[in-house]
Amino acid sequence: MTSHPALVLFLALFGLYSPVAALASYVPIVRTFDGSQIIRLALGLAFNVAVFVLVALWVGEPVLKLLGISTAALTATGGIALSFAAIPLMLGKAGAVEELNKADEQAPEPPANVQSVLFTPVTFPLTVGGTTFAFCVAAAADAGSLRDKLFLSIATLAFAVVTGLTMYAAGHVQRRITFKGAMLLDRVAGILLTAIAVILLANGFTDLVTARLDR
C-alpha cells in the first residue's frame, strides 16, 4: 500500500522539525515573555510557517530560480544565524545564567517585544529553513494534479499548526521549570542547537561545493 504524498510530506516535515527538540530550543527565548505575548508568538509563528511552506509549495522553484538562490545557500545561512543564538547558550552566557547576572546588577527589564524574535531566530532558522523549503519544492514537483497539490497544502498547514502548539507548550514549560532546571535546559538546548547549526552549515556548504563542481 502506497502512502499518500501529503502524509509523507507531513511526516517528513514533522521529523525534520522534531517538536521535542524544538520545544527545548524555544524555552530560553520565551522566558522573558508573559502569557499573552506567548500566545501572540505562537500564532505569529504558525502564520509565518504557513506562509513559508505554502510559498515553497506553490512558487518555490520559480522564485529560487528568479533570485538565483539555492536551497543549499538557505541551509548554510540558517546554520550561521542559528550558531549566533546557540553558542552563547552552550557556553552559559545567555538565557537563565545571563538573566541572573543582570538581575544582580540592575532592576528587571520589561518583557521583550515579540516581533524582535518572531522572524529571527524563532521562525528562521529554529523552525523552518532551507531543508524545509527543499522538501516542499520537491513534493510540489512530484504532485501529479491540482488535487494532489491541494492535499499537500493541507499537510503543510497541519505542520504549521504543530509549530504553533509547540511554541505555546514551550511557554508553559518555562513557567514551571526551576532555575537550576532552566540553566541545565539552556546548556542542553545550546549543545543541541550548536550541533544542528554545524549540520546545517556542513550540508549547505557541501551542497554548494558539489553544485559548483558539477557545473
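**Exercise 1. Helix α6 and its prolines**

Determine in which helix P121 is placed and what form the peptide bond from T120 to P121 takes.

*Solution.* P121 has its place in helix α6, which covers residues 115-127. The model is a predicted one, and in it the bond leading from T120 into P121 is cis, with omega near 10°. P125 is also placed in helix α6. The bond that joins F124 to P125 is cis, with an omega of about 10°. For context, most peptide bonds are trans.

**Exercise 2. The loop residue S18**

State where S18 is found, and decide whether S18 is buried, partly exposed or exposed.

*Solution.* S18 is found in the loop between α1 and α2. The relative accessibility of S18 is 30%. Buried requires under 20% and exposed over 50%, so S18 counts as partly exposed. The backbone of S18 deserves a further remark: its phi is positive, at about 55°, although S18 is not a glycine. In general, most residues other than glycine have a negative phi.

**Exercise 3. Span and burial of helix α2**

Compare the span of helix α2 with the expected value, and establish how many of its residues are buried.

*Solution.* Helix α2 comprises residues 19-30, a total of 12. From its first C-alpha to its last, α2 reaches 16 Å, which is close to the 16 Å expected at 1.5 Å a residue. Nine of the 12 residues are buried, and α2 is thus mostly covered. The buried residues are P19, A22, A24, S25, Y26, V27, P28, I29 and V30.

**Exercise 4. The packing of α1 and α7**

Classify the relative direction of helices α1 and α7, and describe the residues of their contact.

*Solution.* Begin with the geometry: helix α1 (residues 5-17) and helix α7 (residues 130-142) pack at an angle of about 170°, and their axes are 11 Å apart. Angles over 145 degrees count as roughly antiparallel, and α1 and α7 are therefore roughly antiparallel to each other. Next, identify the contact: α1 contributes L9, A12, L13 and L16, while α7 contributes T131, T132, F135, C136 and A139. Finally, sort these residues by character: seven are nonpolar, two are polar and none is charged.

**Exercise 5. Aromatic pairs involving α1**

How many aromatic pairs does the structure hold, and how are the rings of F10 and F14, and of Y17 and F159, arranged?

*Solution.* The structure holds three aromatic pairs. One of them joins F10 and F14, with ring centres 5.9 Å apart and planes at 35°, a tilted arrangement. Because F10 and F14 are four residues apart in helix α1, about one helical turn separates them. F14 is partly exposed, at a relative accessible area of 34%. For Y17 and F159, the ring centres are 5.7 Å apart and the planes stand at 90°, so this pair is edge-to-face. Y17 lies in helix α1 and F159 in helix α8 (residues 146-176), so the pair ties together parts 142 residues apart in sequence. Both Y17 and F159 are buried.

**Exercise 6. The surroundings of G190**

Is G190 buried or exposed, and which residues does G190 touch beyond its sequence neighbours?

*Solution.* G190 is found in helix α9, residues 179-214. Its relative accessible area is 0%, so G190 is buried. Leaving aside residues up to four places away in sequence, G190 touches A86, L89 and M90. G190 and S25 are 165 residues apart in sequence, yet their C-alpha atoms are 7.7 Å apart in space. S25 is one of the buried residues of α2.

Terms used
Residues are numbered from 1 along each chain as its sequence is written. This is a predicted model: local features need pLDDT of at least 70, side-chain atom pairs count only at pLDDT 80 or more; totals for chains, interfaces and linings use all residues. Side-chain values use heavy atoms; hydrogens and water are left out. Helices (H or I, at least four residues) and strands (E, at least two) are DSSP runs, numbered from the N terminus. The expected span of a helix is 1.5 Å times one less than its number of residues. Buried means under 20% relative accessible area, exposed over 50%, partly exposed in between (1.4 Å probe, protein chains only). Axes are lines fitted to C-alpha atoms, for helices over the stretch in contact, and angles run from 0 to 180 degrees between N-to-C directions. Angles under 35 degrees count as roughly parallel, over 145 as roughly antiparallel, 65 to 115 as roughly perpendicular and the rest as oblique. Contact means heavy atoms within 4.5 Å. Ala, Val, Leu, Ile, Met, Phe, Trp, Tyr, Cys and Pro count as nonpolar, Asp, Glu, Lys and Arg as charged, and the others, Gly among them, as polar. Rings of Phe, Tyr and Trp (its six-membered ring) pair if their centres lie within 6.5 Å; planes under 30 degrees apart count as stacked, over 60 as edge-to-face and the rest as tilted.
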